[in-house]
Amino acid sequence: MLAVNDGIDPPSSNDTVNRRWGTWPNTGQQWAELTWSSAQQVRVADVYFFDDNGGVRLPASWSLQYWNGSAYVAVPGASGYPIAANVYNRTTFTSVSTTRLRVVLNSGAGSVGLLEVKVTS
């Protein structure tokens with residue numbers, strides 16, 4: 001999972017130079033998880049999708065889930081889940097304290113992938 005949180009801003013969604021995470025050839029619902037050794041207060045996520053114009057495409061939809069101590073649940077009050085190429089897709093939500101956050105991706109025209117995920121308070 002290091003690829004999605006390595007601090008490298010992608011030049012485009014078809015970035016094949018920097019590390020990326022993808023699910024080729026798998027489709028359907030997939031997820032990538034960020035983990036921390038201690039609880040973090042988070043309320044903003046910026047997600048940059050990988051799209052190689054081939055087998056890995058933008059997702060049909062996506063969402064965020066956090067670990068509440070016993071299960072993964074949807075982040076509360078999400079502002080929406082935009083889907084665009086070549087930019088960070090931002091969602092804000094009611095602040096949560098967690099050690100794990102998942103980006104849940106539902107495939108559309110192909111498999112799904114991520115270039116970078118930034119999570120902040």
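Student: How do you know that Tyr 66 has a bridge partner in β4, and which residue is the partner?

Tutor: In this predicted model, Tyr 66 is bridged to Val 73 in β4. That match belongs to a set of 3 bridges joining β3 (residues 61-67) to β4 (residues 72-74), and the two strands run antiparallel.

Student: What makes β3 and β4 count as paired?

Tutor: Pairing takes at least two bridges between two strands. β3 and β4 have 3, so they pass the cut-off. Their hairpin has 4 residues between the strands, and Gly 69 there takes a positive phi near 110°.

Student: How do you know which strands β5 pairs with?

Tutor: Use the cut-off of at least two bridges again. β5 (residues 89-106) is joined to β2 (residues 29-49) by 14 bridges and to β3 by 6, antiparallel in each case. Look at Val 103 in β5: Ala 32 stands opposite it, and so does Leu 64.

Student: What makes β2 and β6 a pair?

Tutor: β2 and β6 (residues 113-120) share 6 bridges in the antiparallel sense, against a cut-off of at least two. One example is Ala 45, whose partner in β6 is Val 119.

Student: How many helices and strands does the protein have?

Tutor: There are 0 helices and 6 strands.

Student: Why is the protein called as compact as a globular protein of that length?

Tutor: Its radius of gyration is 13 Å, and the globule rule gives 14 Å for 121 residues; the two values are close, so the description fits.

Student: What share of the residues is buried?

Tutor: Buried means under 20% relative accessible area, and buried residues make up 40% of the 121.

Key:
Residues are numbered from 1 along each chain as its sequence is written. This is a predicted model: local features need pLDDT of at least 70, side-chain atom pairs count only at pLDDT 80 or more; totals for chains, interfaces and linings use all residues. Side-chain values use heavy atoms; hydrogens and water are left out. The radius of gyration is taken over C-alpha atoms; the globule rule is 2.2 Å times the number of residues to the power 0.38. Buried means under 20% relative accessible area, exposed over 50%, partly exposed in between (1.4 Å probe, protein chains only).
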